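Work through the exercises below with the sequence and the 3D view at hand. Try each task before you read its solution.

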Amino acid sequence: MKGVSWMKRALPAMALCFLMFLSACSTPAAPLIAKTNVQKISADDFHTAAVKEDGTVVVVGQDTYYAQSDVSSWTDIISISSDTYHIVGLKKDGTVVAVGDNTYKQCDVSSWTDIIAISNGWYSTMGLKKDGTVVVAGRNDGALISGSTSWTEIIAIDVEYMTSVGVEKDGTSVTSGVGAETFRQYMPGDVVEVSFGSADAFCLKKDGTVHMVGYQWDYQSEVEEWRDIVTISAGYDHVVGIMSDGTVVSAGDNTDGQCEVESWKDIVAICAGGTHTVGLKEDGTVVAVGSNNDNQCDVSSWKNIALPEK
């Protein structure tokens with residue numbers, strides 16, 4: 001999930017402060033962030049974006065900060081990361097393009113090279129280089145990496161609000177930003193993927209189970225009963241996971257129907273937006289459920305969307 005409204009975005013910061021207070025009282029809780037390397041679909045509060053087989057990009061949703069017309073010239077894209085305010089594309093030659101709000105120079109990525117993964121959140125953008133180090137652009141208020149030279153052997157990254165995370169190849173993680181030291185002590189080992197919601201982290205482990213770190217305890221037990229999960233994605237207040245048979249499980253808030261995914265099958269990639277969920281099917285089509293107030297679920301006509309590399 002990328003992008004939540006400014007009020008919702010304020011909630012994680014308040015929650016993080018609350019969590020740090022709780023940690024002083026020996027109460028385990030803390031959000032982290034991370035995700036898989038190559039995203040063929042992406043969703044935020046108001047958009048859905050996808051990479052097509054021919055390397056172009058399709059976008060639906062609100063046009064306040066960016067729209068389809070802003071990415072129509074993009075070519076050779078292999079991965080996409082969208083946020084409410086800007087969208088970033090990774091090209092097959094390892095360079096990066098970005099469009100949208102650039103108040104904090106979060107779109108100044110044209111000089112980047114040798115990039116293998118991208119992530120953006122609010123007013124910042126992060127890139128993972130093939131040597132396992134990272135580069136950042138945008139507002140440096142804790143969301144970006146501090147002391148980035150200490151980040152080595154990174155295999156996955158994410159940046160959201162005022163915190164960033166890198167998953168290392170041994171299944172451990174490094175974090176920077178608000179509450180980073182507190183968060184780190186609650187991160188499990190053997191992690192292969194982490195997806196960050198409003199103030200929770202969902203950690204996919206090598207054994208296909210999911211560990212939840214945060215304060216949404218009302219559905220923590222449900223998530224931690226999941227088995228045989230191959231990838232996960234968290235929205236503002238819901239989380240979804242793909243099982244090895246291509247079906248999907250969900251937990252959390254379902255006010256807008258964003259968790260109504262039980263009938264989905266043949267899903268190969270998934271992304272939870274603020275209050276909607278999108279799934280990429282193995283035939284290159286896309287399904288979506290949840291809020292469609294900004295037409296972010298209007299994906300039924302999409303076809304020939306690129307599939308994740310196996």
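**Exercise 1: Two tyrosines**

Task: Classify Y104 and Y123 by their accessibility.

Solution. Y104 has 32% relative accessibility, so Y104 counts as partly exposed. The cut-offs are these: buried is under 20% relative accessible area, exposed is over 50%, and partly exposed is in between (1.4 Å probe, protein chains only). Y123 has 18% relative accessibility and therefore counts as buried.

A note on the model: it is predicted, so local features need pLDDT of at least 70 and side-chain atom pairs count only at pLDDT 80 or more, while totals for chains, interfaces and linings use all residues. Residues are numbered from 1 along each chain as its sequence is written, and side-chain values use heavy atoms, with hydrogens and water left out.

**Exercise 2: The ring pair**

Task: Describe how the rings of Y104 and Y123 are arranged.

Solution. Start with the search of the whole structure: it finds five aromatic pairs. Rings of Phe, Tyr and Trp (its six-membered ring) pair if their centres lie within 6.5 Å; planes under 30 degrees apart are stacked, over 60 edge-to-face, and the rest tilted. For Y104 and Y123 the centres are 4.9 Å apart and the planes stand at 45 degrees, so this pair is tilted. Next, place the residues. Y104 sits in the loop between β6 (96-100) and β7 (115-121), and Y123 in the loop between β7 and β8 (124-129). They are 19 residues apart. Strands are DSSP runs of E, at least two residues, numbered from the N terminus. Finally, widen the view: ring pairs link Y65, Y85, Y104, W122 and Y123 into a cluster.

**Exercise 3: A small sheet**

Task: Which strands stand at the edges of the sheet β1-β2-β3?

Solution. First read the order: β1-β2-β3 is an open sheet of three strands with antiparallel pairing. β1 and β3 each have a single partner strand, so they stand at the edges, with one side of each left without a neighbour in the sheet. Two strands pair if DSSP finds at least two bridges between them. Strand β2 (residues 47-51) and β3 have five bridges. One of the residues to locate is H47, whose bridge partner in β3 is G61.

**Exercise 4: Around I41**

Task: What does I41 touch?

Solution. Count a contact when heavy atoms lie within 4.5 Å. Leave out residues up to four places away in sequence. The partners of I41 then include A49, A50, I80, V278, L280 and I305.

Conventions: Helix = DSSP H or I, 4+ residues; strand = E, 2+ residues; numbered from the N terminus.
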